[in-house]
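Reader: I am new to reading structures. Could you take one part and go through it closely with me?

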Amino acid sequence: MNEEKTYVEDIDRSFYDFRYEEKDAFKVDTGLTREIVEQISAEKNDPEWMRDFRLRSLEIFDRTPMPDWGPSIEGLNMENIVTYVRPKADRMSATWDEVPEDIKNTFERLGIPQAERESLAGVGAQYDSELVYHNVREEVAALGVIYTDLESALHGEYGEMIRAHFMKLVPPTDHKFAALHGAVWSGGSFVYVPPRVSVEIPLQSYFRLNAPGAGQFEHTLIIVDEEADLHFIEGCSAPKYNVANLHAGCVELFVGKNARLRYSTIENWSKNMYNLNTKRARVEAGGRIEWVSGSFGSHVSYLYPMSVLAGRGARSEFTGVTFAGAGQNLDTGCKVIHSAPDTSSYVNTRSISKSGGISTFRSAVVVDSKAENSKSAVSCQSLMIDSDSRSDTVPAMDVRTDKADIGHEARIGRISDDAVFYLMSRGISEEEARALIVSGFAENVSKELPLEYAVEMNNLIRIEMKGAIG
Amino acid sequence: MDMKLNAPLAPTFGWLRVNGTRLTGAAVSAPADLRAEVPAAVQRGGAALPALRTGAGEDAGALLRAAAIPETVYTLPAGETAEDALRLSFSFDNGAAADVGLVLGRGSDLIAVMDYTSAEAGFGAIRTRIVLGDGARLRLVQIQRAGQGFTLLNDIGADCGAFARLELIRLVLGGESTFDGCSVALRGDKSAFVTEIGYTVGGDGRLDMNYEAIHTGKKTECDIRAAGVLSERAFKLFRGTIDLRNGCSGSVGNEIEDVLLMDETVHNQTIPVILCAEEDVVGNHGATIGRLDENLIFYLESRGLEREQIYAMMARARIDAVIRRIPDRKTVEALFPALAEGEAQA
């Protein structure tokens with residue numbers, strides 16, 4: 001037991017909270033102007049349509065109001081945000097040896113190369129605004145699977161495919177930060193899985209934001225063709241600074257007929273981060289999207305992955321856990337749009353609030369008039385660790401057909417004193433007992449993750465629960 | 001007057017268009033006709049009503065103030081139990097309004113029935129402000145049978161002292177558009193708010209509701225139950241918020257809605273919200289939206305009933321279940337024949 005406690009204490013937040021000077025990096029000026037957008041576009045050697053797209057998005061950003069319904073983002077001042085930071089790596093590498101030493105060390109400390117060797121089919125690593133490493137196993141590439149950085153793909157043989165899909169699911173008009181993303185996006189991955197190809201082990205992208213006061217705007221575009229199967233894992237972290245950082249990435253997922261895509265995220269941004277990320281999937285007939293989401297970091301989060309069930313029999317599952325500690329206001333949940341017959345969705349979330357943290361589960365299930373015989377079940381549970389914290393549940397259901405069955409249930413409560421007493425009577429300290437109960441409470445997510453990620457998630461919970469007593 | 005009504009305590013995604021409803025061009029100018037049966041223990045008049053948060057919001061109060069609609073206050077003194085129900089029957093012509101106060105002293109007990117009928121078309125508004133002293137109990141029934149082209153704004157604000165209990169039965173059986181707001185402050189320790197809402201909306205009818213239970217006292221309880229039926233092109237929006245504020249330790253909030261959808265052109269929105277800033281509380285909410293269970297239909301069809309008959313029967317059963325909970329026999333006895341007559345005419 002003592003050894004175990006030492007282990008937990010060893011991996012405190014400094015595991016993620018280390019940083020390197022970005023002395024050799026190039027960055028644009030703070031703020032957001034047409035000149036900055038043009039500068040980023042030139043840096044990227046954008047095709048003309050992309051340059052125009054960026055400028056149109058900037059116009060939309062300028063005229064779109066801030067959201068007026070979620071956590072306060074008054075502390076986020078775009079005038080202070082650097083929207084593009086190029087690390088000193090002069091190009092993306094396919095071997096870790098070619099990655100600059102400090103950047104490589106960053107990812108080594110985060111365990112990415114080790115995970116790649118042991119359990120991944122391919123890895124992309126983004127540092128600030130650029131991908132610094134991308135590789136996919138030969139046997140996976142041999143199946144015709146494309147896993148590369150989005151910018152290279154834009155200029156290559158998949159350029160037209162990307163043009164046909166880029167920000168079609170999340171148009172810049174969607175909301176202010178979608179427009180921002182359209183204007184300044186940089187980095188991110190492109191995945192294409194051909195029909196009937198099943199990728200047996202996951203691909204992973206890891207996003208690290210090192211520069212203080214910077215934004216990260218990576219774009220992930222995944223197309224899983226008919227009857228194909230993929231598990232994609234996304235991880236993210238950043239060192240903590242005393243200035244606001246911004247993450248406004250965008251994830252667009254296209255799931256073909258009878259295809260399956262699992263998209264897993266362990267989000268552990270530093271607690272000065274405004275995480276205003278947008279994720280959306282379109283699922284064709286018989287297809288299936290599975291979201292697995294763990295939200296632990298960020299100062300403020302707005303994060304609601306959306307599933308558009310566009311084809312008959314399409315299915316969506318969302319499994320999520322959110323842990324809000326001191327100084328955090330995490331507004332998370334999901335959206336599901338049923339727009340075809342016989343579609344189904346299942347949402348199962350847990351949220352935990354402690355030490356003044358605010359956790360909000362927010363959802364929308366929309367069943368339109370075409371979605372006959374559709375079914376949806378939403379279950380959310382929240383745990384309050386103390387009375388300094390806050391936990392809100394704000395679900396919405398919008399049903400426009402009589403031929404649907406929609407169910408929703410939610411519960412907010414506290415840790416059972418009886419359960420704590422029972423565990424303590426077995427020789428476990430109160431702190432350990434509470435951490436154990438919280439880990440069990442979040443099991444809905446951990447059991448859906450690959451083992452290594454489930455272990456990381458449970459460690460995060462135990463770190464957060466340290467000092468929860470008294 | 002342009003009003004924003006039924007804005008919830010916690011707004012959500014703007015594109016859902018549920019963060020309050022705009023009502024434009026509404027105006028009132030005269031008091032609604034009132035026929036009152038007042039039990040002996042109840043006094044007309046009383047102290048000025050306090051400013052209370054209501055479910056529909058400040059614009060509803062402003063509407064009444066602009067037309068100088070007088071307050072009609074009924075007071076039950078401390079320790080009194082009214083022998084009979086207070087029955088208030090309002091008839092709304094276009095532009096009619098009422099502003100009612102129900103003030104119950106410490107330990108008093110009252111049944112109040114408010115029945116709304118109206119002209120065939122037009123707009124009317126009524127606000128009911130409720131002040132319950134410590135240990136008081138009010139069983140309030142509000143029945144709406146407005147005309148098929150009528151728009152009614154019904155707004156409630158209540159404040160409950162320690163051990164006070166508000167039991168509200170709300171029936172929406174008519175009207176083209178109804179805006180229904182209700183905000184209850186569970187300020188006193190061990191105060192309680194229990195409500196049963198039954199509605200049936202058909203044709204092009206709209207029902208827009210905002211119910212709130214704000215828990216600040218310790219060991220307070222709320223139970224919000226809504227059950228209804230939507231048919232044809234009806235639209236219904238139910239917002240229900242349980243707000244468990246810091247300091248309300250030991251409190252419990254429950255909320256459930258069950259909606260039966262009868263036609264493919266109906267539109268239902270349900271927003272059941274729990275806000276929680278206290279550790280030692282329990283909040284639950286649930287919602288079931290859809291059609292009847294196929295096994296149930298199969299069983300009843302095997303007993304010789306047509307599918308349409310089954311739906312009509314189950315729809316009526318939901319309303320009847322709420323009516324049976326009305327604590328005033330005279331009202332119940334009047335309501336069942338009226339419903340049967342309405343169905344026969346339909």
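At roughly what angle do the axes of helix H10 (residues 417-425) of chain A and H11(A) cross, and within how many Å do they come?

Author: Keep in mind that this model is predicted. The axes of H10(A) and H11(A) cross at roughly 125° and come within 9 Å. That angle makes H10(A) oblique to H11(A), because only angles over 145 degrees count as roughly antiparallel and those of 65 to 115 as roughly perpendicular. The crossing of H10(A) past H11(A) is right-handed.

Now look at who meets whom. H10(A) brings A:Ala419, A:Val420, A:Leu423 and A:Met424. H11(A) answers with A:Glu430, A:Ala433, A:Arg434, A:Leu436 and A:Ile437. Sort the residues of this contact by class: seven are nonpolar, two are charged and none is polar.

Spacing helps here. An α-helix has 3.6 residues a turn, so residues three or four places apart point the same way. Check the numbers in H10(A): A:Ala419 and A:Leu423 are both in the contact, and so are A:Val420 and A:Met424. In H11(A), try A:Glu430 with A:Arg434, or A:Ala433 with A:Ile437.

Stay with H11(A) for a moment. This helix covers residues 430-441 of chain A, 12 residues in all. From first C-alpha to last, H11(A) reaches 16 Å, close to the 16 Å expected at 1.5 Å a residue. Its buried residues are A:Ala433, A:Arg434, A:Ala435 and A:Val438. Two names return: A:Ala433 and A:Arg434 are buried, and both also meet H10(A).

Set another pair beside this one. Helix H2 (residues 34-44) of chain A packs against helix H3 (residues 48-63) of chain A at about 155°, with the axes 10 Å apart. H2(A) and H3(A) are therefore roughly antiparallel to each other. H2(A) also passes H3(A) in a right-handed crossing. On the H2(A) side, the contact is made by A:Arg34, A:Val37 and A:Ser41. On the H3(A) side, the residues are A:Met50, A:Arg51, A:Arg54, A:Leu55 and A:Leu58. By class, the contact of H2(A) with H3(A) has four nonpolar, one polar and three charged residues.

So, back to your pair. H10(A) is oblique to H11(A), and their contact has seven nonpolar and two charged residues.

Key:
Residues are numbered from 1 along each chain as its sequence is written. Chains are lettered from A and ligands numbered from 1 in the order in which they are written. This is a predicted model: local features need pLDDT of at least 70, side-chain atom pairs count only at pLDDT 80 or more; totals for chains, interfaces and linings use all residues. Helices (H or I, at least four residues) and strands (E, at least two) are DSSP runs, numbered from the N terminus. The expected span of a helix is 1.5 Å times one less than its number of residues. A residue is buried if 20 or more other C-beta atoms lie within 10 Å of its own, exposed if 12 or fewer, and partly exposed in between; C-beta atoms are placed from the backbone. Axes are lines fitted to C-alpha atoms, for helices over the stretch in contact, and angles run from 0 to 180 degrees between N-to-C directions. Angles under 35 degrees count as roughly parallel, over 145 as roughly antiparallel, 65 to 115 as roughly perpendicular and the rest as oblique. A crossing is left-handed if the near helix is turned anticlockwise from the far one by less than a right angle, and right-handed if clockwise. Two residues are in contact if their C-beta atoms, placed from the backbone, lie within 7 Å. Ala, Val, Leu, Ile, Met, Phe, Trp, Tyr, Cys and Pro count as nonpolar, Asp, Glu, Lys and Arg as charged, and the others, Gly among them, as polar.
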